[in-house]
Amino acid sequence: MSPPPESSGVSAAAAFSRLMQAHRSIRAFRDEPLDAGFVDGLLEEALHGSSSSGNLNMVSVIKTSERERKSQLYRLHGEQPMILQAPLVLTFCADTERTRRWLELRGARLGFADFLSWHVSSFDAMILAQTAALAFESHGLGVCYMGTTLFAMREIAELLGCPTHCLPVTSLVVGHPAEAPAQRDRLPRAAWIHDETYRRAQPGDIDRDFAERERRGRERYLSSGPEMAGLWEQHGIESLAHYYTSPIKYDPDLFAGFSADLVALLQARGFLQATPQPTPAAAGIAP
Ligand SMILES: Cc1cc2nc3c(=O)[nH]c(=O)nc-3n(C[C@H](O)[C@H](O)[C@H](O)COP(=O)(O)O)c2cc1C
């Protein structure tokens with residue numbers, strides 16, 4: 001492998017390390033548009049800079065900057081204000097529709113209308129989103145993922161005109177930062193890097209690895225305003241762990257409902273068969 005290129009005396013590795021260390025999600029933006037040519041060029045580079053399953057590039061990115069469409073997205077994204085503030089919302093879609101169209105037009109056997117292809121194309125979309133996120137950040141722009149995409153996939157797909165085998169998997173708001181938030185911690189490396197085989201966390205490991213985030217997380221949420229403190233009290237939340245699966249964060253009952261909706265949507269969009277298909281072994285097909 002040839003050594004990485006040097007640019008203005010700073011190695012690519014050092015610049016990339018600095019970029020990653022500087023990451024923080026940005027949720028407030030200046031009222032300043034982004035040049036469409038710049039955005040398209042950067043997305044194109046991001047696709048080149050991302051590995052892609054079978055190099056099929058089964059992804060689509062839909063750019064939204066029109067005010068009216070952004071306000072519809074704002075509603076679908078749980079009214080997160082950054083959707084309205086950011087000049088650009090990018091919706092990253094798992095998309096096997098175009099590939100299927102290509103196969104069809106060339107008289108090839110149709111494929112990629114199954115659950116595995118959903119995984120493959122959605123992983124590709126997430127990989128592309130993260131490459132694009134880093135690329136935007138390298139230009140001093142701010143980004144924030146919109147996890148709410150998953151809760152309103154059907155509606156966002158309809159709003160943006162996605163065809164059958166194409167569904168949004170994540171979104172990024174992009175713009176010029178109007179805030180410089182403190183950096184958020186991550187779990188220490190001992191918690192999640194395993195040597196050779198998986199080492200299950202013991203109670204002492206959990207105490208050690210979560211102590212700092214329990215303290216800081218609780219402090220951050222409770223100091224975010226009287227409304228949040230009131231909600232913690234109302235729901236009897238005593239710790240960060242309790243908060244995460246409480247009705248005001250990632251409620252397991254809500255997740256179960258959303259999961260059932262997702263299964264139904266994947267069926268409706270051709271990524272999942274309503275009746276289970278025979279496994280390769282059952283069908284006598286060698287893996
Ligand atoms: C898939 C994904 C979805 C996310 N969705 C949201 C969201 O809907 N709203 C939000 O404010 N932040 C969202 N975030 C940002 C995370 O809250 C953020 O990355 C995390 O708290 C760590 O903070 P940092 O990115 O500033 O380091 C999301 C991040 C990811 C990776």
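A nonpolar core is a set of buried Ala, Val, Leu, Ile, Met, Phe, Trp, Tyr and Cys residues joined through C-beta atoms within 7 Å. With that in mind, here are some close-up views of this predicted model.

**View 1. The largest nonpolar core has 43 residues.** Six of its members touch the most others: F92, C93, V143, L172, V173 and V174. Helix α6, residues 115-138, gives this core its largest share, with seven residues. Pick out F92 and look at its contacts beyond four places in sequence: V59, V61, A125, L128, A129, P168, V169, T170 and S171.

**View 2. Strand β4, residues 88-95, is mostly covered.** Eight of the eight residues in β4 are buried. Follow the strand and you will see L88, L90, F92 and A94 pointing one way, while V89, T91, C93 and D95 point the other way. Both sets are buried.

**View 3. Strand β4 has β3 and β6 as antiparallel partners.** Six bridges join β3 to β4, and eight bridges join β4 to β6, which spans residues 166-175. L90 is a handy place to start. Opposite L90 stands K63, and in β6 the bridge partner of L90 is L172. Strand β3 itself covers residues 59-64, and five of its six residues are buried, so the rest of the structure largely encloses β3.

**View 4. Twelve residues are not hard to find around the ligand if you go through them in sequence order: H23, R24, S25, R27, Q80, C144, Y145, M146, G147, T148, T170 and R184.** What classes of residue make up the shell around the ligand? Three are nonpolar, six are polar and three are charged. T170 also appears in View 1, as one of the residues that F92 touches.

**View 5. N57 and E79 both have a positive phi without being glycine.** For N57, phi is about 50°. You will find N57 in the loop between α2 (36-48) and β3. Is N57 buried or partly exposed? A residue needs 20 or more other C-beta atoms within 10 Å to be buried, and 12 or fewer to be exposed. N57 has 16 C-beta neighbours inside 10 Å, so it counts as partly exposed. For E79, phi is near 55°, and the residue sits in the loop between α3 (67-76) and α4 (82-85). E79 has 11 other C-beta atoms within 10 Å and is therefore exposed.

**View 6. Helix α10, residues 226-234, is hardly covered.** How many of its nine residues are buried? The count is zero. Just after α10 comes G236, with a positive phi of about 60°.

**View 7. Stepping back, the chain is assigned two domains, domain 1 (24-175) and domain 2 (189-251).** Their C-alpha centres lie 30 Å apart. Along the chain there are 12 helices and six strands, and its C-alpha atoms fill a box of roughly 60 × 50 × 50 Å, taken along the principal axes. Of the 287 residues, 23% count as buried. Among the contacts with a separation of 6 or more, 73% are between residues 24 or more positions apart.

Note on methods. Residues numbered from 1 in each chain as written. Predicted model: local features only at pLDDT ≥ 70, side-chain atom pairs only at ≥ 80, totals over all residues. Near = placed C-beta within 6 Å. Nonpolar A, V, L, I, M, F, W, Y, C, P; charged D, E, K, R; others polar. Helix = DSSP H or I, 4+ residues; strand = E, 2+ residues; numbered from the N terminus. Contact = placed C-beta atoms within 7 Å. Pairing = 2+ DSSP bridges. Domains from an automatic or database assignment.
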